[in-house]
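Here's a quick briefing to read with the model open. Have a look at the fold, then come back for the details.

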Amino acid sequence: MIAHIFSGIRAYFGAFSLISKLKLWSYFTIPILISVVTAILIFGAAYGLSDNIGLLISKLWIWEWGKTTFATFGNFIGGLVVLIIGIILFKHIIMALSSPFMSPVSEKIEAYLTNKSAHSHRNTTFKEQLWRGIRINGRNLSMELLYTIPLLMLKFIPLVNIISSILLFVVQAYYAGFGNIDYTLERHFKYKDSIHFVRKHRGMAIGNGIVFILFLLIPIVGVILVLPLSVTAATTQTVKQLQMQEASAKALNG
């Protein structure tokens, strides 16, 4: 799985040039607008809520001694909780709403990589692509929160919070990569088959998602470039895996 994680990361290195070569930047206008507006709304609200959550956490310490220290700790944890939840909501919202615009981009990249101008896979409409995006990301949001909330609770335990931070990052990366990969899979597989494919190639999803999350930590530029580069990187890797899967199937069938 480690090798697949690194391959998912390496795919980003050629993403920018591939977008320029295929003249795809115009396709990202609306998704970039969605990203910017969503970021302003979510992270603006998160900034306002962080102090309130920190105050609630600090009230858990009922003793006078160490109250100031725990209040500082509470503010830090409160800000961290809001940041993590904010990133989770941000990525699933933009990936769901951008799905009708990202699918055609993914299709053009696949056509270029496979040297086929038309595909013989599932044909889907704008409405179907949007619904697929909402369904996949709604499912992923629920699963991610299911794992994230217990991991956030572990941050109150010294030493254990280091491990929980790593696991939180991996979980966030996996579901970010999942959403990016599905823009290609929606032409090839139905809902359940896509979930099975990503589980089988979870290393690739994590690798793609690692860079996705790191991009979000870059002010302004990260929000603008995160979808174009991550979707392009995910498509190139997914197409390679699909080609390998197809070749293996043909070999088995003689």
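What follows covers a buried threonine, a cavity and some aromatic rings.

This is a predicted model, with local features needing pLDDT of at least 70, side-chain atom pairs counting only at pLDDT 80 or more, and totals for chains, interfaces and linings using all residues. Residues are numbered from 1 along each chain as its sequence is written, and side-chain values use heavy atoms, leaving out hydrogens and water.

**Thr 148**
- You'll find Thr 148 in helix α6, residues 126–153 (helices are DSSP runs of H or I, at least four residues, numbered from the N terminus).
- Thr 148 is buried, at 0% relative accessible area (buried means under 20%, with a 1.4 Å probe and protein chains only).
- A polar atom of the Thr 148 side chain lies 2.6 Å from the backbone oxygen of Glu 144.
- Beyond neighbours within four places in sequence, Thr 148 touches Ile 84, Ile 88, Leu 168 and Val 171 (contact means heavy atoms within 4.5 Å).

**The cavity**
- There is one cavity of 30 Å³ or more, and the largest holds about 60 Å³ (on a 1 Å grid over the protein atoms alone, a cavity is a set of points where a 1.4 Å probe fits but cannot get out; lining residues have an atom within 4 Å of a point; grid points are joined across faces, edges and corners, and volume is the space filled by probe spheres set on them).
- α5 (99–114), α6 and α7 (160–185) each give two or more residues to its lining, with α6 giving the most, five.

**Rings**
- Arg 135 puts its charged end over the ring of Tyr 191, 3.7 Å from the centre (the rule: CZ of Arg or NZ of Lys within 6 Å of the ring centre and within 35 degrees of the ring normal).

Technical notes
Buried < 20%, exposed > 50% of the residue type's maximum accessible area, 1.4 Å probe, protein only. Polar contact = N/O pair within 3.5 Å; in protein donor to acceptor, adjacent residues only side chain to side chain. 1 Å grid on protein atoms, 1.4 Å probe; cavity = no way out; pocket = protein on both sides within 12 Å on 5 of 7 lines; lining within 4 Å.
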